[in-house]
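Biologist: I have a sequence and a model open on my bench computer. Could you walk me through how to read the packing?

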Amino acid sequence: MPAEDTVPDISEDRIIDREKVRRATQALPTQRVLNGLAETFKVLSNPGRLKIIHALSRDELCVCDLAVLLGSTDSAVSHQLRILRSMRLVKYRREGKLAYYSLDDQHVRRLFEAGLEHTIE
């Protein structure tokens, strides 16, 4: 985090409200966190993955049921699930030979619902 009295390296004549700039600077997440958030949004920019997230926001589903829902192959859905899993957006549990997927946590559900609500409005 920047020191309390620092502001970005901006010419003094360009700053209108130094205190607001200082507070905004202090509140900025680290570059690592911003990069992670950008990667999360990048992964969620795929409509097929969003369909998976939507389906899993309602119930836990196995790969084969997700494939039917998406009109896709088990292999293609598994690939998308691997990407979602690598970003900790979904998790799975095994039951015999089947893998059942669900959202990783409530943050994912809220993120998806907020984006959906914003888009619909």
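Modeller: Happily! Axes here are lines fitted to C-alpha atoms, for helices over the stretch in contact, and angles run from 0 to 180 degrees between N-to-C directions. Helices (H or I, at least four residues) and strands (E, at least two) are DSSP runs, numbered from the N terminus. The model is predicted, with local features needing pLDDT of at least 70 and side-chain atom pairs pLDDT 80 or more, while totals for chains, interfaces and linings use all residues. Residues are numbered from 1 along each chain as its sequence is written, and side-chain values use heavy atoms, leaving out hydrogens and water.

Biologist: Which pattern does the protein follow along the sequence?

Modeller: There are six helices and three strands to place. Read from start to end, they give α-α-α-β-α-α-β-β-α.

Biologist: What radius of gyration does the protein have?

Modeller: The C-alpha atoms fill a box of roughly 65 × 30 × 20 Å along the principal axes. The radius of gyration is taken over C-alpha atoms, and the globule rule is 2.2 Å times the number of residues to the power 0.38. A compact globule of 121 residues would come out near 14 Å, but the protein has 20 Å.

Biologist: How are H4 and H5 oriented to each other?

Modeller: H4 and helix H5 (residues 74-86) pack with their axes 9 Å apart, at an angle of about 105 degrees. Angles under 35 degrees count as roughly parallel, over 145 as roughly antiparallel, 65 to 115 as roughly perpendicular and the rest as oblique. H4 and H5 are therefore roughly perpendicular.

Biologist: Which residues of H5 make the contact with H4?

Modeller: Contact means heavy atoms within 4.5 Å. H4 brings Val63, Cys64, Leu66, Ala67 and Leu70. On the side of H5 they meet Asp74, Val77, Ser78 and Leu81.

Biologist: What is the handedness of the crossing of H3 and H4?

Modeller: Helix H3 (residues 47-58) and helix H4 (residues 63-70) have axes 11 Å apart and pack at about 120 degrees, so they are oblique to each other. A crossing is left-handed if the near helix is turned anticlockwise from the far one by less than a right angle, and right-handed if clockwise. For H3 and H4 the crossing is right-handed.

Biologist: Which residues of H4 meet H3?

Modeller: H3 offers Gly48, Lys51, Ile52, Ala55 and Leu56. Across from them in H4 are Leu66, Leu69 and Leu70.

Biologist: Which residues of H6 make the contact with H3?

Modeller: H3 and helix H6 (residues 106-120) pack at about 120 degrees, with axes 10 Å apart, and the crossing is left-handed. H3 contributes Leu50, Ile53, His54, Leu56, Ser57 and Arg58. From H6 come Val108, Arg109, Phe112 and Leu116.

Biologist: Which strands stand at the edges of the sheet?

Modeller: Two strands pair if DSSP finds at least two bridges between them. The open sheet has three strands in the order S1-S3-S2, and the pairing is antiparallel. Each edge strand has a single partner, so one side of each is left without a neighbour in the sheet; these strands are S1 (61-62) and S2.

Biologist: Which residue in the turn of the hairpin has a positive phi?

Modeller: Strand S2 (residues 90-95) and strand S3 (residues 98-103) run antiparallel and are joined by six bridges. Among the facing residues, Arg94 has Ala99 as its bridge partner, and Glu95 stands opposite Leu98. Two residues lie between the strands of this hairpin, and the one with a positive phi, about 65 degrees, is Gly96.
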